[in-house]
Amino acid sequence: MWRKSSPFSLTHTRLFSSSSSAPEISSLYSFLQPSIFAHKPQNPTNSTNQQKPETLTRDHITALETDLHKSLLTHNSDEAWKSFKSLTSNSLLPSKPLTNSLITHLSSLQGLHNLKRAFASVVYVIEKNPKYLDFETVNTLLGSMKSANAAAPAFALLKCMFKNRYFVPFELWGHSLVDISRNNGNLAAFVRVFEETCRIALDEKLNFMKPDLAACNAALEGCCCDIQSVSDAEKVVETMSVLGVRPDESSFGFLAYLYALKGLEKKIIELENIMVGFGFSNKVVFFSSLISGYVKSGNLESASTTILLSLSQGFRKDSNFSDETYREVVKAFLEKGSIKDLSNLIIEAQKLEDPSIVIDKSTGFGIVNACVNLGFSDKAHSILDEMNSQCCSVGLGVYVPILKAYCKEHRTAEATQLVMDISNSGLQLDVGMYDDIIDASMTSQDFQSAFSIFRDMREARISNLMGSYLSIMTGLMENHRPELMAAFLDEVVEDPRVEVKTHDWNSIIHAFCKAGRLEDAKRTLRRMTFLQFEPNDQTYLSLINGYVTAEKYFCVLMLWNEVKRKISTDGETGIKFDPNLVDAFLYAFVKGGFFDTVMQVVEKSQEMKIFVDKWRYKQAFMETHKKLKVAKLRKRNFRKMEALIAFKNWAGLNA
């Protein structure tokens, strides 16, 4: 294998495969229906009755070529095809440039009908006069067949080319045919084309027909994975040696898969020795292929042994098996219910792995992550539980896929319990993972889990708590749970890692006021001031609006007495007396009938040059006090009468 031998020849090999000729013809003409060039019977019974095409003069031929050219320029495909048919029905071809332009044009159009026309045209030209056909035209047509995933005509085209000795450089058609074969799950069909191509290249001494490494590997893949024939695979290997094509890791990988599938242990040893001789040091592809072959054959013991062997030989220090390899292994083990075997595999792998290995390159991570990706996060958790029951530690990163899966599935209670298990084992998550779980908990309205995770963060001495803190506060606010906000804030307010500000207290007070829970709002205000957080204009604005909604105007009066002492005079310290606060106080006092206090607010606003739109207060007065008369007030309270007159004068109501 991969050694010099006698000149390789496939002289006696028939074109592709004689056994498949009938199905190929059938599928080809099925593709061409409705027929472009009808599949004519070999012995027509009524040939004497068939209408003979009209003989064309030179002028007619010139006119048809001119029409064909104009139709292509105007993209009139039907007229172009009509002109082409008129010529071919008389066994004529348009000029070489026009012929290639037509086929290229038809190949570039969408739809199977035009692809059929292009295919039929190429076949006709090859059989009539191959010299009329440019290599690039064939390349374009095969590219269109690849896009349309049209396998039968692609293989029929190659058969026609070989039969008529029309040899196009392999690089212009080989890779398209490989892709078409692979997309149809039929690399076995490409193997036959590969054999014929190699025969032509060697017998005819046409180097440009020689397949490259990628094509050789495709043929090898077809033999190993589709046909599963050792003799066919080794025949491809011999051909590669004759062609002078040097194998790569994938070449050895396909053979490794086949030998593992067939249980050919001696050949596997021989193959590994040859790899060493070729100087390949990275054996991840080789071992991955062995594992796939063993799994496919149901030999899970050998699959596990291979994983451990790859570690013992030190070939996985800087690389790892693919996700697909781990999925194959995990799926096979779980189908047999072998959770304990998977946990034992991880335990044994950890004994062989370098202590400095990056966690996401470890066997444990690969297996657990595969479980999660397959939708078995609970089974992944069971694997870790089994390991813990055997007092075997597992790296922190192995837990991460399960935590992420729980978050994605909104199973935040399970995620929280797993976090507790992680903490109890002496491991510590990073801030990002904590934040993700808290976000998921808040989204699921699982507030207790969020609180538990945050407590774990504090106990773990995580320095950056602000992201999770804000997530919890925002989530509680959006879900209208001010009582939980207050309890949470009270719990963390003295933690120096959490920057509690007046704004946080304001959020709670605002939520309580909006819910009509004014006693809770007042209690929060007292707690806030006790902890030496100064209320600001937003604090009082929320309280005023809450009291107005409840029609507790006297409480607003108490707030005014407090606020007017704290109004900022230097713009830096104290309460900012802005238009919003002025508006809230004025509206509340007009509605409550405290006109003397109204005028105090007006006087203060004038003093601070704050513009006041009087229209709203006129409306409030008319809605609430329309029947209030100055004469009646004069008899009862002279001071209130003066305040009422002053307000009406200010608001322009006396006019």
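**Group meeting: a walk through an all-helix model**

Okay, let's start with one residue, Ser176, which sits in helix α8, residues 174-183. Before going on, please remember that this is a predicted model. Is Ser176 buried or exposed? Its relative accessibility is 13%, so Ser176 counts as buried, the cut-off for buried being under 20%. And what does Ser176 touch, if we skip its neighbours within four places in sequence? The contacts are with Leu142, Gly143 and Lys146.

Now let's zoom out. The chain has 655 residues, and 47% of them are buried. For secondary structure we get 34 helices and 0 strands. If you take the contacts in the chain with a separation of 6 or more, 70% of them are between residues 24 or more positions apart.

Next, the annotation. UniProt, in an unreviewed entry, lists "repeat: PPR" for residues 212-247 and for residues 501-535. What do those two spans look like in the model? Residues 212-247 are 81% helix and 0% strand, with the end C-alpha atoms 10 Å apart. Residues 501-535 come out at 74% helix and 0% strand, and there the end C-alpha atoms are also 10 Å apart.

Let's look at a pair of helices. In general, you describe two packed helices by the angle between their axes and the distance between the axes. Here we have α10, residues 213-227, and α12, residues 249-262; their axes come within 9 Å and cross at roughly 5°. That angle is why α10 counts as roughly parallel to α12. If you want to click on the contact, α10 brings Leu213, Asn217, Leu220, Glu221, Cys224 and Cys225. From α12 you'll want Ser250, Ser251, Phe254, Leu255, Tyr257 and Leu258. Sorted by type, the residues of this α10 and α12 contact are 8 nonpolar, 3 polar and 1 charged.

On to the salt bridges. How many are there in the whole structure? The search finds 29. I'll pick out a few.

One of them joins the side chains of Arg411 and Asp378, at 2.6 Å from N to O. This pair links distant parts of the chain, 33 residues apart: Arg411 is in the loop between α20 (396-408) and α21 (412-424), while Asp378 is in helix α19, residues 377-389. Asp378 has a relative accessible area of 41%, so it is partly exposed.

Then there's Arg523 with Asp520, where the closest N and O atoms are 2.5 Å apart. Both are in helix α27, residues 518-530, and because they are 3 residues apart, about one helical turn separates them. Arg523 is partly exposed, at 45% relative accessible area. These two also belong to something wider: Arg481, Glu483, Arg517, Asp520 and Arg523 are linked in a network of salt bridges.

Last pair: Lys566 and Glu562, with closest N and O atoms 3.2 Å apart. They're both in helix α29, residues 553-566, and sit 4 residues apart, about one turn of the helix. Lys566 is partly exposed at 27% relative accessibility, and Glu562 is partly exposed too, with a relative accessible area of 22%.

So, to recap: 34 helices and 0 strands, two spans that UniProt lists as "repeat: PPR", and 29 salt bridges. That's what I have, happy to take questions.

Notes
Residues numbered from 1 in each chain as written. Predicted model: local features only at pLDDT ≥ 70, side-chain atom pairs only at ≥ 80, totals over all residues. Heavy atoms only, no water. UniProt positions renumbered as here; feature names shortened; annotations may be inferred. Helix = DSSP H or I, 4+ residues; strand = E, 2+ residues; numbered from the N terminus. Axes fitted to C-alpha atoms, helices over the stretch in contact; angles between N-to-C directions. Parallel < 35°, antiparallel > 145°, perpendicular 65-115°, else oblique. Contact = heavy atoms within 4.5 Å. Nonpolar A, V, L, I, M, F, W, Y, C, P; charged D, E, K, R; others polar. Buried < 20%, exposed > 50% of the residue type's maximum accessible area, 1.4 Å probe, protein only. Salt bridge = Lys/Arg side-chain N within 4 Å of Asp/Glu carboxyl O.
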